[in-house]
Amino acid sequence: MRRGIRSVAVAALTTAVAATAPAPRASAAADGDWTTYHHDNARSGVTAGLAPLGTLSRAWTATLDGAVYGQPLAVGDRIFAATENDTVYALDASTGAVVWSTHVGTPVPRSSLPCGNIDPLGITSTMVYDPATGLLFALAERTGPEHVLVSIDAATGQISEQRTAEPPSGDVIAHQQRAALNLLGDRVYIAYGGLAGDCANYIGSVVSLPTTGTDAPDSYAVPTTREGGIWAPGGATVVGNNLLYAVGNGESTSGAYDGSDSVLALSPDLQLADRFAPSTWAADNASDLDLGSMTPALVGSYVYADGKRGTAYTMRSGSLGGIGGQVAQATVCRAYGGAAVDADTVYVPCTDGPRAVRVDSAGGMQVLWRGPSTAKGSPVVGGGAVWVVDYDGGTLFALDPATGAVLQQISVGVCPHFTSPTLAHDRAYVGTTTGVVAVAGA
């Protein structure tokens, strides 16, 4: 159903609609849509119904006003992308033409941050679309500094609401919001980590706000004195009614456990429901070898976690096991980003090329294959292929799911770290350092 235009007067914010573009529309999410990071709240990274792999070609290139770090979203005939210049775009899925663009603020220049590697720092995380309201949600980092949840009418580009969504602990300026947003029920969930360089006083946390209205936010902070960032690009994996987050290293390297280097399960009202941490948590914290670099993956009744040490763990999804309570562990790879899961196989984003890992009925792990060493992005699956980006080299690979062999590859241009393609409309859509590229033949 098409939604009416909401008139919102916002100083210094602009919405531009392409004069030659067709009239924009909003639609309820369909099976072929991609409304959140890795397609769904389970973060499966799998889309059904995609046509079998064809001959890859570049369908269009959209040059936008900044780098696109978040995964593009696909709803109906629109592709939505957000840039580090704090601008949200709706693009025509067929042509890449700009349907509308909405500038939501002034991003934070690197020179005003205590550390970091994104300049300027604007919208870094993957947005989320709500079919119930027709709203698109983006978390903008703006000069101030401030972190603001912006709700945008997906049909028109008009701003519906802007609400403060600051982390509950630490210095505001020390927090970077990279983890993908989650929509669960009628609330949006926003996770925070630190800037590249781990400087200043930040504490990993999660904040939630209702999709509409002025209710006070809920929040959770990792019970460490510093760090413990929640920054893996996939945000939370929803298991049952809980949100599972990967948590980075904290300050504690001996003595009492501080909640860091973990997979934690939070209830919808952001109460701690369960947690897993390796028995090596103190050594992991001391050497920056934590689990915080990869979003947990749900494989049947097990949760698969991997991180900077290169040790993978499985745990029961209904009981994570606490410290040292894993079902199994195995040496797999150093993993950064988001995995894809198809049946009993996890496609893991490794720093030296993706791995396919089978998780058996007892939670044991078997590495099946390793893909191209330069393909370090976050994999997705569809059309009989595993899709993964060499973000430094600017190449999109389509791999054989059974062997990891390269079926096809195509240049898309240099991409931000941990880039993950979106699969929809029999195309792959890739965010790059200059905009979005659409690849036909997917």
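Me: What makes strand S19 and strand S23 count as paired?
Reply: Two bridges join S19 to strand S23 (residues 322–323). Two strands pair if DSSP, the program that assigns them, finds at least two bridges between them, so S19 and S23 just make it. They run parallel, and Phe-276 stands opposite Gly-322 in S23. By the way, this is a predicted model: local features need pLDDT of at least 70, side-chain atom pairs count only at pLDDT 80 or more, and totals for chains, interfaces and linings use all residues. Residues are numbered from 1 along each chain as its sequence is written, and side-chain values use heavy atoms, with hydrogens and water left out.

Me: Why is S23 called a strand, with residues 322–323?
Reply: A strand is a DSSP run of E with at least two residues, numbered from the N terminus, so residues 322–323 are enough.

Me: Which strand does S18 pair with, and how do they run?
Reply: Four bridges join S18 to strand S19 (residues 272–277), and the two run antiparallel. Val-263 has Phe-276 as its bridge partner in S19. Their hairpin has five residues between the strands, and Leu-270 takes a positive phi near 65° there.

Me: What makes S20 and S24 edge strands?
Reply: The open sheet goes S20-S21-S22-S24, with antiparallel pairing. Strand S20 (297–299) and strand S24 (328–331) each pair on one side only. Further in, four bridges join S21 (residues 302–305) to S22 (residues 311–316), and Tyr-302 has Arg-316 as its bridge partner in S22.

Me: Why is Asn-249 called buried?
Reply: Buried means under 20% relative accessible area (1.4 Å probe, protein chains only), and Asn-249 has 8%, so it's buried. Asn-249 lies in the loop between strand S17 (242–247) and strand S18 (262–266). Leaving aside neighbours within four places in sequence, its contacts (heavy atoms within 4.5 Å) include Glu-227, Asp-261, Asp-288 and Lys-308.

Me: How do you know that there is empty space inside?
Reply: Rolling a probe the size of a water molecule over the atoms shows where empty space is left. Here a cavity is a set of points, on a 1 Å grid over the protein atoms alone, where a 1.4 Å probe fits but cannot get out. The structure holds six cavities of 30 Å³ or more. The largest has about 120 Å³ of space, where volume is the space filled by probe spheres set on the points, joined across faces, edges and corners.

Me: Which residues lie nearest the centre of the largest cavity?
Reply: Tyr-69, Gly-70, Thr-126, Pro-233 and Phe-418, out of 15 lining residues, where lining means having an atom within 4 Å of a point.

How values were computed. 1 Å grid on protein atoms, 1.4 Å probe; cavity = no way out; pocket = protein on both sides within 12 Å on 5 of 7 lines; lining within 4 Å. Buried < 20%, exposed > 50% of the residue type's maximum accessible area, 1.4 Å probe, protein only.
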